Amino acid sequence: MKILVTGSKGFVGKNLIAELKNQKYTDILEYDIDTDESFLEKYTNECEFVFHLAGVNRPKDEKEFQTGNFGFTSDLLALLKKYDNPAPVLITSSIQAELDNPYGKSKKAGEDIVFEYAKKTGNTVFVYRLSNLFGKWSRPNYNTVIATFCNNIARGFDISINNPDAILRLCYIDDVVSEFIKVLNGSSHKNGLYCSVPVEHTITLGDLAALLYSFRDSRKELSVPDNSDDFTRKLYSTYLSFLPKDCFSYDLTMHSDHRGSFTEFIRTPDRGQVSVNISKPGIAKGHHWHHTKNEKFLVVSGEGVIKFRKIGEDTVIEYRVSGEKLQVVDIPTGYTHSIENTGEGDMVTIMWVNEAFNPDKPDTYYEEV
């Protein structure tokens, strides 16, 4: 299938084309503002489906709204009609088409001409009134407030909030692309004249800013967002895509001595804490037990032995561990335990504990195994 995508270099177009290619669509006709106009004639003659994503969001002159959002749509449809091309047309409009502003009026005019085209030709059209979009590859100070906030917060710049209680309606770019590909395959969410993306999120401007600031602070706090919340998961992915290119990495605090090192990696209030423990040859660590705190040990490099003894008993249990065979060892409560490096090089152990360390309630009691 030959698929024409206008606005191919824009936020939606770039994401759509990337996923079309992932799904092995190879005949994609890409058209953007800098494409030679002669290609539009060629593409409208041979295409079998049209994603009309081109549009103007923030022009220098308000007249450009009509030129970009109505004029170009009119030209596109005229060429399809000229070649008697029955290709279905999907056009992206905006929820602002309901509003009385220059942008909304231009989007409404674009919708109207598409519906008139369908009426005259009998061809299938899909008009999507999209809410505010967010996701990777969006442009700050152009596409959405989320793009601007992510860009500024990731760089330590100020953000401006006039009304923290203002409610935003949001769609995630992957949900939009998924819906569009379903349309390509013969399915859509259509209600009357208009189509919609079935997954939409709402949040106040103030809560949005607070969530983004929590992402920024998570590096210092060693926390991770609540990925069980669908919107938080999508927003965090978006935020990370705006990190400056020289700020992908961040340092951790290594507690080092002659025995090796211990470094906290992740701390969460509900899923525990993950740390990296490095032990030098011949070194044994631990020799303590817990009432309620429980752990999981995973040796990923080197070799050693984990020993257990139930409090009040004499029998010692041993588990041989090695990076050659990845094996998780649970550390039960009520057992004093130790881990010893029996190899010739460093032993690296990933350690998970069910709760972040609390110095006021350590629940850790020394006793030799």
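This text walks through one helix, several salt bridges and one sheet of the structure above.

The structure is a predicted model, in which local features need pLDDT of at least 70 and side-chain atom pairs count only at pLDDT 80 or more, while totals for chains, interfaces and linings use all residues. Residues are numbered from 1 along each chain as its sequence is written, and side-chain values use heavy atoms, with hydrogens and water left out.

Helix α6 covers residues 173–184 (helices are DSSP runs of H or I with at least four residues, strands are runs of E with at least two, and both are numbered from the N terminus). The expected span of a helix is 1.5 Å times one less than its number of residues. For the 12 residues of α6 this gives 16 Å, and the end C-alpha atoms are 17 Å apart, which agrees. Because 9 of the 12 residues are buried, α6 is largely enclosed by the rest of the structure (buried means under 20% relative accessible area, exposed over 50%, and partly exposed in between, with a 1.4 Å probe and protein chains only). Among the buried residues of α6 are Ile-173, Asp-175, Val-176, Phe-180 and Leu-184. After the helix comes Gly-186, which has a positive phi near 100°.

Side chains of opposite charge can pair when their charged atoms come close. A salt bridge here is a side-chain nitrogen of Lys or Arg within 4 Å of a carboxyl oxygen of Asp or Glu, and the whole structure holds 22 of them. One of these involves α6: Asp-174 meets Lys-136 with an N to O distance of 3.5 Å. Asp-174 lies in helix α6 and Lys-136 in the loop between β6 (132–134) and α5 (145–154), so the pair ties together parts that are 38 residues apart in sequence. Both partners are partly exposed, Asp-174 at 38% relative accessibility and Lys-136 at 28%.

A second salt bridge stays inside one helix. Asp-230 and Lys-234 meet at 2.8 Å, N to O, and both belong to helix α8 (residues 230–240), where they are 4 residues apart, about one turn of the helix. An α-helix has 3.6 residues a turn, so residues three or four places apart point the same way. Asp-230 is partly exposed, with a relative accessible area of 30%, whereas Lys-234 is buried at 3%. The two residues also belong to a salt-bridge network that links Asp-175, Asp-230, Arg-233 and Lys-234.

A third salt bridge joins Glu-367 to Arg-309, with the closest N and O atoms 2.8 Å apart. This pair links distant parts of the chain, 58 residues apart: Glu-367 is in the segment after β21 (365–366), and Arg-309 is in strand β16 (residues 303–310). Glu-367 counts as partly exposed at 27% relative accessibility, and Arg-309 counts as buried at 11%.

Strands β16 and β21 also belong to an open sheet of 5 strands, ordered β17-β16-β19-β14-β21, with antiparallel pairing (two strands pair if DSSP finds at least two bridges between them). At the edges are β17 (316–322) and β21, each pairing on one side only. Strand β14 (residues 284–289) runs antiparallel to β21 and is joined to β21 by 2 bridges; His-288 has Tyr-366 in β21 as its bridge partner. At the other edge, β16 and β17 pair over 7 bridges in the antiparallel sense, and Glu-303 has Ser-322 in β17 as its bridge partner. The hairpin of β16 and β17 has 5 residues between the strands, and in this hairpin Gly-312 takes a positive phi near 90°.
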